[in-house]
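Student: I have a structure to look at and many terms to sort out. Could we go through some of them together, value by value?

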Amino acid sequence: MQITHVEAIPVRIKRDEAYLGALPPEADREAYFLRPPYRALYSAYFETAFVKISTEDGVVGWGEALAPVAPEVVQQIIEQLLAPALIGRSPLDVNVLWNVMYDLMRERGYYGGFMLDAISACDIALWDLCGKMLGQPVYQLLGGAFRERVPCYVSGLPRPTAAGRVELAQTYTAQGFDAFKLAAGHGVRADAKSVGALRDALGDETTLLLDAHWVYALDEAVQLGHALTDLGAGFFEAPINPEDVESHAQLAAAVAVPIAHGETERTRYQFRPWLMQKAADILQPDVGRAGISEVFKIAIMAEAFNVKMAPHLSVGLGICIAATIQVAAAIPNLYLLEYQPPVFDIANALLESPLVCRDGCYEIPYGAGLGVALDEDRLRHLQA
Ligand code: MG
C-alpha cells in the first residue's frame, strides 16, 4: 500500500496559562518573547505542526512535531524535502524511511534541530499508519507493553510563591498524583528552598524533581546537586548548558542525585556521548523531536548502560502525547513520563475521544495505530 499524500498543518491556539506562570504583558502581541532568566523564545500561543500522511487505499496516519515557535519551518521541511521521499513508498518500511529522510540532508550537517523535528512528525505518522494497516496499537508493533499504565509526574507547578506551589501540588495529591517537577533555575539557594518547601509539605514519599533550564555553572550545579540529594530529589534536570557533556559528567560523578538530560537531543548519535561519558543518569528525549523510532532506539541503547528514560512531553498536543505514551509503554527502562495538565486539556479538545491521565498514570490508548483520532474540522479552524 503506497503513500500518496503528505500534508503538514501548522497550528496556533490561544493559551490562558503558561507553564512558567503568568504571561508578561508583551505576550498579547503576535511576536515571540523572552522569559528571563531563561534564554529561549516563547509564544503566547500553543503552536505545533501536524502531518497527515495518506495511502492509496485511503488510510490516514497522523504525526506531530514539537514546534513551540515557527511551526511553518517544520511545514516547509516536510512538504518540500520529506514528502517527495515518502510518496510511492510503503508505510511498513518505517525504519527504512527514517534512514531515507535522515540521509537527505545529513551530509550538509542537518542532523538535529528543525530537520529532525520534521522527520519525527513523519515518523510518528508512519507508525500510526502501520498500526492502522495491521489493526494493532503501536506499542504492540514495538514488541508489546511492559506495563498496563504509564506512570507520570505533574510538571511545572506555575505559581509565584512556595505556598502557592504547595497548594497546587496538594490539589494533585488529592487526585492520586505523587510526583512533581518544579520549573526552577532561580539561584542555588532559591531552588533548594523551593524544593524544601514542597518536601516539608508533601512528605518523604512524594517524588520531587527539579528542572534548572540550563542556567548553572558546574560549581553551582554541584552545590545544588548536593542540596537536592539531601532533599531526596528524584532527578536534577538540565543543570548546565546542553552542549557541555564533560561538565555534566563531572557533576554526575560528584553528586548522588540522578542527572537528567535530553530534551535538546534528537538522535541516538546525539545521546551516545552522554552514555559513553556517564554524563546523565536519566535520558529525556521528546517524541515530537526524536520520533517513535529514535526514542525507542535511544531507550534500548540506554538500557545497555543501566540508564532510565523520562521522556520529555511539553507543549506537544494529542498526537504527540499519544505517540509518547505508546513508546513509553514499550520500553523496559521507563522512569516516569511528563504530564502538563493545562496542555493535556487543550490536546484533548482536539481529539474525538480524550486521552486519560488519572491516579498518577496515563492510560494506554488501545486502538489501532496511536489509538487516537483527531477532530480534523476543529484542527482546520486552528490552522496557522
Ligand atoms: Mg525541561
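**Reading the terms from the values**

Tutor: Let's begin with Ala238, which has a relative accessibility of 3% and counts as buried. This is a predicted model, and Ala238 sits in the loop between strand 9 and helix 8 (245-254).

Student: What makes Ala238 count as buried?

Tutor: Buried means under 20% relative accessible area. Ala238 has 3%, so the label buried applies.

Student: How do you know whether Leu82 is buried or exposed?

Tutor: Use that cut-off again: Leu82 has 0% relative accessibility, so Leu82 is buried. You will find Leu82 in helix 1 (residues 71-86). The C-alpha atoms of Leu82 and Ile346 are separated by 28 Å, and these residues are 264 apart along the chain. For Ala238 and Leu275, 37 residues apart along the chain, the C-alpha separation is 16 Å.

Student: And why is Asn306 called exposed?

Tutor: Exposed means over 50%. Asn306 has 72% relative accessibility, so Asn306 is exposed. Asn306 belongs to the loop between helix 10 (287-303) and strand 12 (308-309).

Student: What is notable about the phi of Asn306?

Tutor: Asn306 has a positive phi of about 60 degrees, yet Asn306 is not a glycine. Most residues other than glycine have a negative phi. His213 also has a positive phi, near 50 degrees, and is not a glycine either. The place of His213 is the loop between strand 8 and helix 7 (218-230). With a relative accessible area of 9%, His213 falls under 20%, so His213 is buried.

Student: Which peptide bond is cis, and what is its omega?

Tutor: The bond that joins Pro36 and Pro37 is cis, with omega about 10 degrees. Most peptide bonds are trans. Pro37 lies in the loop between strand 2 (33-34) and strand 3 (41-42).

Student: Now the rings, please. How many aromatic pairs are there?

Tutor: The structure holds 10 aromatic pairs. One of them is Phe177 with Tyr339, at 5.4 Å centre to centre and 15 degrees between the planes.

Student: Why is the pair of Phe177 and Tyr339 called stacked?

Tutor: Two checks are needed. Centres must lie within 6.5 Å, and 5.4 Å passes, so the rings pair. Planes under 30 degrees apart count as stacked, and the angle here is 15 degrees, so the pair is stacked. This pair links distant parts of the chain, 162 residues apart: Phe177 in the loop between helix 5 (162-173) and strand 7 (179-183), and Tyr339 in strand 13 (residues 337-339). Both Phe177 and Tyr339 are buried.

Student: What makes the pair of Tyr339 and Tyr362 edge-to-face?

Tutor: Their centres are 5.7 Å apart, with 80 degrees between the planes. Angles over 60 count as edge-to-face, so 80 degrees earns that name. Tyr339 in strand 13 and Tyr362 in strand 15 (residues 361-363) are 23 residues apart, and Tyr362 is buried, as is Tyr339. Tyr172, Phe177, Tyr339, Phe344 and Tyr362 form one aromatic cluster.

Student: How do you know that the charge of Lys14 sits over the ring of Tyr45?

Tutor: The distance limit is 6 Å from the ring centre. The charged end of Lys14 is 5.0 Å from the centre of the Tyr45 ring, so that limit is met. Lys297 lies over the face of Trp98, at 5.9 Å from the ring centre, which is also within 6 Å.

Student: What makes Asp211, Glu237 and Glu263 donors of the magnesium ion?

Tutor: A donor atom here must be within 2.8 Å of the metal. Asp211 (OD), Glu237 (OE) and Glu263 (OE) coordinate the ion at 2.0 to 2.2 Å, so they qualify. Their spacing in sequence is D-x25-E-x25-E. Asp211 is in strand 8 (residues 207-211) and Glu237 in strand 9 (residues 235-237), so this pair ties together parts that are 26 residues apart in sequence. Both Asp211 and Glu237 are buried.

Student: Finally, which residues line the largest cavity?

Tutor: Among them are Leu313, Ile321, Glu338, Tyr339, Phe344 and Tyr362. The lining divides into 5 nonpolar, 3 polar and 1 charged. The search of the whole structure finds 1 cavity of 30 Å³ or more, and about 40 Å³ of space lies in the largest cavity.

Conventions. Residues are numbered from 1 along each chain as its sequence is written. This is a predicted model: local features need pLDDT of at least 70, side-chain atom pairs count only at pLDDT 80 or more; totals for chains, interfaces and linings use all residues. Side-chain values use heavy atoms; hydrogens and water are left out. On a 1 Å grid over the protein atoms alone, a cavity is a set of points where a 1.4 Å probe fits but cannot get out, and a pocket is an open set with protein on both sides within 12 Å along at least five of seven lines; lining residues have an atom within 4 Å of a point. Grid points are joined across faces, edges and corners, and a volume is the space filled by probe spheres set on the points. Ala, Val, Leu, Ile, Met, Phe, Trp, Tyr, Cys and Pro count as nonpolar, Asp, Glu, Lys and Arg as charged, and the others, Gly among them, as polar. Rings of Phe, Tyr and Trp (its six-membered ring) pair if their centres lie within 6.5 Å; planes under 30 degrees apart count as stacked, over 60 as edge-to-face and the rest as tilted. Helices (H or I, at least four residues) and strands (E, at least two) are DSSP runs, numbered from the N terminus. Buried means under 20% relative accessible area, exposed over 50%, partly exposed in between (1.4 Å probe, protein chains only). A charge sits over a ring if NZ of Lys or CZ of Arg is within 6 Å of the ring centre and within 35 degrees of the ring normal. Donors are N, O and S atoms within 2.8 Å of the metal (3.2 Å for Na, K and Ca); water is not among the atoms, so sites may look incomplete.
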